[in-house]
Amino acid sequence: MLNTDIFTQIGLNHYLFLSAILFVIGMAGVLLRRNAIVLLMSIELMLNAVNISFVAFSKYSGKMEGQIMVFFVMTIAAAEAAVGLALAVTIFKRFREVNIRFFEHLKG
Amino acid sequence: MSHQLLISTLILSPLIGFLINGLRYKRHSANVAGGVATAAAAISFLSAILIFMELLAMPKEGRQIAVNFFEWMTVASLKINMGFLVDPLNVIMILIITGVGSLIHLFSVSYMHHDEGAAKYFAYLNLFLFNMLVLVLGDNLLVMFVGWEGVGLCSYLLIGFWFKDSDKAAAGMKAFVTNRVGDAAFLLGMFLLFVSFGTLNFQEINNMVPADPTFSWLSPLTLGTLFLFIGATGKSAQIPLYVWLPDAMAGPTPVSALIHAATMVTAGVYMIIRLNPLFLHTPNTMLVIAIIGGLTAVMAASIGLTQWDIKKVLAYSTVSQLGYMFLAVGVGAFTAGLFHLMTHAFFKALMFLGSGSVIHAMHEEQDIRKMGGLKKHMPITHFTFLIGWLAIIGMPPFSGFFSKDEILWLSFHSPLGHPALWALGAVGAVMTAFYMTRLMALTFWGKSRVPQDVHPHESPALMTIPLIVLAILSAFAGWLGVPHVIGAALGHLPNILAEFLSLNIKPIPNLAEANVTTEIILMSVSVGFALISAALAYHMYVRNPELPGKFTEKVKGLHNFVYNKYFVDEAYEGSIIQPLVQTSKSIWFYVDVNFIDKATYWISDIIKGGGSLVRSLQNGNLQTYAMYVAIGLVMTLTFILVR
């Protein structure tokens, strides 16, 4: 028998804490890691952390706007990942590595 | 020919000459440059003669030609036309300017033959003629002022013509700066006249002058005329601004003849004559003018007694003769002033050109102690100089006699005159006779003191022809203005000049009937003393050449005082120039360097420092930027949550 108690006990705050933790992890990844792929993944993590709080707020306030916003975020995240990966691939082809410092060569 | 065309030719011909020579200023040939410039001056002279004929053909009351070229400016009630007016007064001036000017151009062709900057020289000379014509022809004070400044500029350029010699360049600057002092006063005078009359046009001003004279020192008209006179002392080298003229002798000698003897320096006299009804309206100013003129005549003549440089003697003589002109206008004898201006233009230009001929022959030597006995080497120069000498010492019947005597008589007889003024003039005349005879004796007569390696020779025809023409004019021009008493004695000879000028010149008010006996006595006294003084000089410098040395030994202190020009230059240096320089230096140091400069440095330093600080933030590293964003986020959140 599934104990649904635990679900009913989970409140808005829990989602928000999860969201905050994920966001901070993502941010730490962006600030600290040098690998461009990891960087993109961290950004993805931050975006999804935000998505969680959107959905949580939407559920608790009974309004749909938050969930609609999540779709937008996901779409943009997909586009961003595509562009970012394309850049990473090009950088890799040239330098045989995807270290973030090579992006400095994009400066004019 | 239309009047407009005639006047355009008159004025623009030298300007075109200036442009031609100015554009080819690097050429060296004096023949081509001099040819162009002389032709320009000669065309101008021809137009002047034609204008003179036109004027003579007109009925006596309407003798004037007014030409308005364009409206120069209109600001509120100030309306200035680029207008020129020819009338009997300035037709004489333009004849002198272009006539003597042409002769001096001709002389210069030969004199400047060896000079590298000949084209430049002739360009300046033509530019000078142009400006001088603008000065005398302008029908309002502002157009006159344009010419007034223009001749000042040309004078500066020509005094410093050999600017590689720093003394000569400095002399040019001295002339310019001293003139600027006068010009500032001239401007103030112009402002006051504009405030009083609402116009700067000569004719309108002269027509608006109130009938009764004003005796207040502080009335705007008295102040205005005084300021104009200060302007004239600058341009015409009177006390206290005469100091530039002797130094101006650094320029080429023909320049001294044209600018610093015959034409430019007489501009102040001309200006006062042009405004004679206005000046007659302010007797206080007239008194100042007469006193300054008389004092200048005596003081400059006394310095002339002691100088050794042939051109310096002539320069002080010029200052002194200009003093006579101011003495004349100061006592209301405007006709006599203009008459003396004219005769002086002839004989002083003659003497300056003669000295140029001597200097040329002596290989640029100007010290009369190293001359003597030049009579037999340079017969033509000597003979023409002799006529100039007779004219300047006032020997009848040469031109200087008539004009100087008219001035002396009227300074005694005019209600604005005074016996003391006559005495000043007479003392000046005695001194003039002495120093001019001394100059003749030391240069042309007596034993030769010429150095062994110098072989003086007569100058070429291009130089002697102008001398001869000027000598003829110096000898006979006096008959144009025969004084009444002599005219009557010789059978009613008219005073041609006075009649010709009667339209322009107001007669002296309340002039009493002339007392023939007094006039003849005064005339004999001044001529007699001048003769004695000349004979004394002859005796001292030709018969007993050791006498002057003994004499100066006896009055050593006085001689030094006069020889050093009364230390006026030194006094100006100590009392005005040095304090001014020191003040400027301290202002420069404390205000400019230590305050204004520093303040701007602070501002630029702050901006520069701020810039380098901010620049270090923008290092191109992606993660650093992300860090800034994160820090910003944390701070914003902290702010919101903690609040």
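Angles between helix axes over 145 degrees count as roughly antiparallel, and those under 35 degrees as roughly parallel. The exercises below concern a predicted model.

**Exercise 1. Determine how helix 8 and helix 11 of chain B are oriented to each other, and describe their contact.**

Step 1. Locate the two elements: helix 8 of chain B covers residues 220–235, and helix 11 of chain B covers residues 267–274.

Step 2. Read the geometry. The two helices pack at an angle of about 155°, and their axes are 7 Å apart.

Step 3. Apply the cut-off: an angle over 145 degrees counts as roughly antiparallel. Helix 8 and helix 11 of chain B are therefore roughly antiparallel to each other.

Step 4. List the participants. Helix 8 of chain B contributes B:L228, B:A232, B:T233 and B:K235, which meet B:A267, B:G268, B:M271 and B:I272 of helix 11 of chain B.

Step 5. Classify them: this contact of helix 8 with helix 11 in chain B comprises five nonpolar residues, two polar and one charged.

**Exercise 2. Describe the span, the kink and the packing of helix 1 of chain B.**

Step 1. Helix 1 of chain B runs over residues 3–23, a total of 21 residues. From its first C-alpha to its last it reaches 30 Å, close to the 30 Å expected at 1.5 Å a residue.

Step 2. Helix 1 nevertheless has a kink of about 35° at B:L12, shortly before the proline B:P14.

Step 3. B:P14 is itself one of the buried residues of helix 1 of chain B. The others are B:I7, B:L10, B:I11, B:S13, B:G17, B:F18 and B:N21.

Step 4. In chain B, the partners of these buried residues are helix 2 (30–57), helix 3 (88–111) and helix 4 (118–137), together with strand 1 (65–75) and strand 2 (78–86).

**Exercise 3. State where the cis peptide bonds before B:P240 and B:P397 lie in chain B.**

Step 1. The bond from B:I239 to B:P240 is cis, with omega near 5°. B:P240 belongs to the loop between helix 8 and helix 9 (244–247) of chain B.

Step 2. B:P396 and B:P397 are likewise joined by a cis peptide bond, with omega about 5°. The loop that holds B:P397 lies between helix 16 (379–392) and helix 17 (399–413) of chain B.

**Exercise 4. Decide whether A:R96 and B:H363, residues with positive phi, are buried or exposed.**

Step 1. Phi of A:R96 is near 55°, a positive value in a residue other than glycine. A:R96 is found in the segment after helix 4 (65–95) of chain A.

Step 2. A residue is exposed if 12 or fewer other C-beta atoms lie within 10 Å of its own. A:R96 has 7 C-beta neighbours inside 10 Å, and therefore counts as exposed.

Step 3. B:H363, also not a glycine, has a positive phi near 55°. B:H363 sits in the loop between helix 15 (334–361) and helix 16 of chain B. Because 11 other C-beta atoms lie within 10 Å, B:H363 is exposed.

**Exercise 5. Summarise chain B as a whole and its contact with chain A.**

Step 1. Chain B contains 26 helices and two strands. Its C-alpha trace spans about 120 × 65 × 55 Å along the principal axes.

Step 2. Of the 643 residues in chain B, 51% are buried. Among contacts in chain B with a separation of 6 or more, 81% join residues 24 or more positions apart.

Step 3. The contact between the chains takes six residues from chain B and seven residues from chain A. On the side of chain B, four are nonpolar, two are polar and none is charged.

Key: Residues are numbered from 1 along each chain as its sequence is written. Chains are lettered from A and ligands numbered from 1 in the order in which they are written. This is a predicted model: local features need pLDDT of at least 70, side-chain atom pairs count only at pLDDT 80 or more; totals for chains, interfaces and linings use all residues. Helices (H or I, at least four residues) and strands (E, at least two) are DSSP runs, numbered from the N terminus. The expected span of a helix is 1.5 Å times one less than its number of residues. The bend at a residue is the angle between axes fitted to the seven residues ending there and the seven starting there. A residue is buried if 20 or more other C-beta atoms lie within 10 Å of its own, exposed if 12 or fewer, and partly exposed in between; C-beta atoms are placed from the backbone. Two residues are in contact if their C-beta atoms, placed from the backbone, lie within 7 Å. Axes are lines fitted to C-alpha atoms, for helices over the stretch in contact, and angles run from 0 to 180 degrees between N-to-C directions. Angles under 35 degrees count as roughly parallel, over 145 as roughly antiparallel, 65 to 115 as roughly perpendicular and the rest as oblique. Ala, Val, Leu, Ile, Met, Phe, Trp, Tyr, Cys and Pro count as nonpolar, Asp, Glu, Lys and Arg as charged, and the others, Gly among them, as polar.
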